[in-house]
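Open the model in your viewer and keep the selection tool to hand. The stops below run from a polar contact to a group of rings and then to the cysteines.

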Amino acid sequence: MESPAIGADGRSRGNVMAKICLVVEFHIKEGAHEAFNTIIREHAAGTLQDEPGCERFDVLQPKGKSGPDLSRIMLVEVYADDDALAAHTANPRLARTRAAYADLISDRKIHLCNL
């Protein structure tokens with residue numbers, strides 16, 4: 001997918017392949033934070049190591065009023081293009097990871113964005 005790139009000065013830089021960003025929010029079941037956190041951080045490290053199209057994979061811990069909100073974890077993933085995201089989706093590690101955490105979460109929201 002091509003889109004115009006806009007520089008910091010607001011001027012167009014021509015058409016470039018759009019990077020793809022996933023923002024994922026997980027709602028974690030009570031008592032499952034530690035197990036989920038371990039699984040998702042291993043997945044993030046493996047993705048960065050094995051998938052050259054994955055440019056960034058951050059695991060975020062939302063803050064609550066009095067410390068970490070252990071009921072949620074968020075991800076920010078950046079892929080070079082649609083092909084890189086397709087490769088990630090087809091990687092067997094993703095299916096294994098989803099199976100490993102399935103009983104640990106109550107909800108997952110995925111936001112697909114152009115960057």
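Select Asp 69 and Arg 72 and show their side chains: a polar contact of 2.9 Å joins the two. The model is a predicted one, and the distance between these side chains is computed from it. Asp 69 sits in a loop, with strand E6 (67-68) on one side and strand E7 (72-79) on the other.

Keep Asp 69 selected and show what surrounds it. Which residues does Asp 69 contact, leaving aside its neighbours within four places in sequence? They are Gln 61, Pro 62, Lys 63 and Gly 64.

Next, the aromatic rings. The model has three aromatic pairs. Select Phe 26 and Tyr 101 for one of them: the ring centres are 5.2 Å apart and the planes stand at 75 degrees, an edge-to-face arrangement. Colour by secondary structure and the pair can be seen to link distant parts of the chain, with Phe 26 in strand E3 (residues 20-28) and Tyr 101 in helix H3 (residues 92-101), 75 residues apart. Is Phe 26 buried or exposed? Phe 26 has 2% relative accessibility, so it counts as buried. Tyr 101, at 5%, counts as buried too.

Leave Tyr 101 on screen and add Phe 36. These two rings also form an edge-to-face pair, at 5.3 Å centre to centre and 65 degrees between the planes. Phe 36 belongs to helix H1 (residues 33-50) and Tyr 101 to helix H3, and the pair links parts of the chain 65 residues apart. Phe 36 and Tyr 101 are both buried. Now show Phe 26, Phe 36 and Tyr 101 together: ring pairs link them into a cluster.

The last stop is the cysteines. How many disulfides does the structure hold? The count is zero. To see one case, select Cys 113 and Cys 21 and look at the sulfur atoms. Why is there no bond from Cys 113? Its closest cysteine sulfur is that of Cys 21, and the two sulfurs are 5.4 Å apart, which is too far for a bond; a disulfide needs the sulfur atoms within 2.5 Å.

Turn on the surface and compare two cysteines. Cys 113 has 31% relative accessibility and therefore counts as partly exposed. Cys 54 has 6% relative accessibility and counts as buried, because buried means under 20%.

Methods
Residues numbered from 1 in each chain as written. Predicted model: local features only at pLDDT ≥ 70, side-chain atom pairs only at ≥ 80, totals over all residues. Heavy atoms only, no water. Buried < 20%, exposed > 50% of the residue type's maximum accessible area, 1.4 Å probe, protein only. Helix = DSSP H or I, 4+ residues; strand = E, 2+ residues; numbered from the N terminus. Polar contact = N/O pair within 3.5 Å; in protein donor to acceptor, adjacent residues only side chain to side chain. Contact = heavy atoms within 4.5 Å. Phe/Tyr/Trp six-rings, centres within 6.5 Å; stacked < 30°, edge-to-face > 60°.
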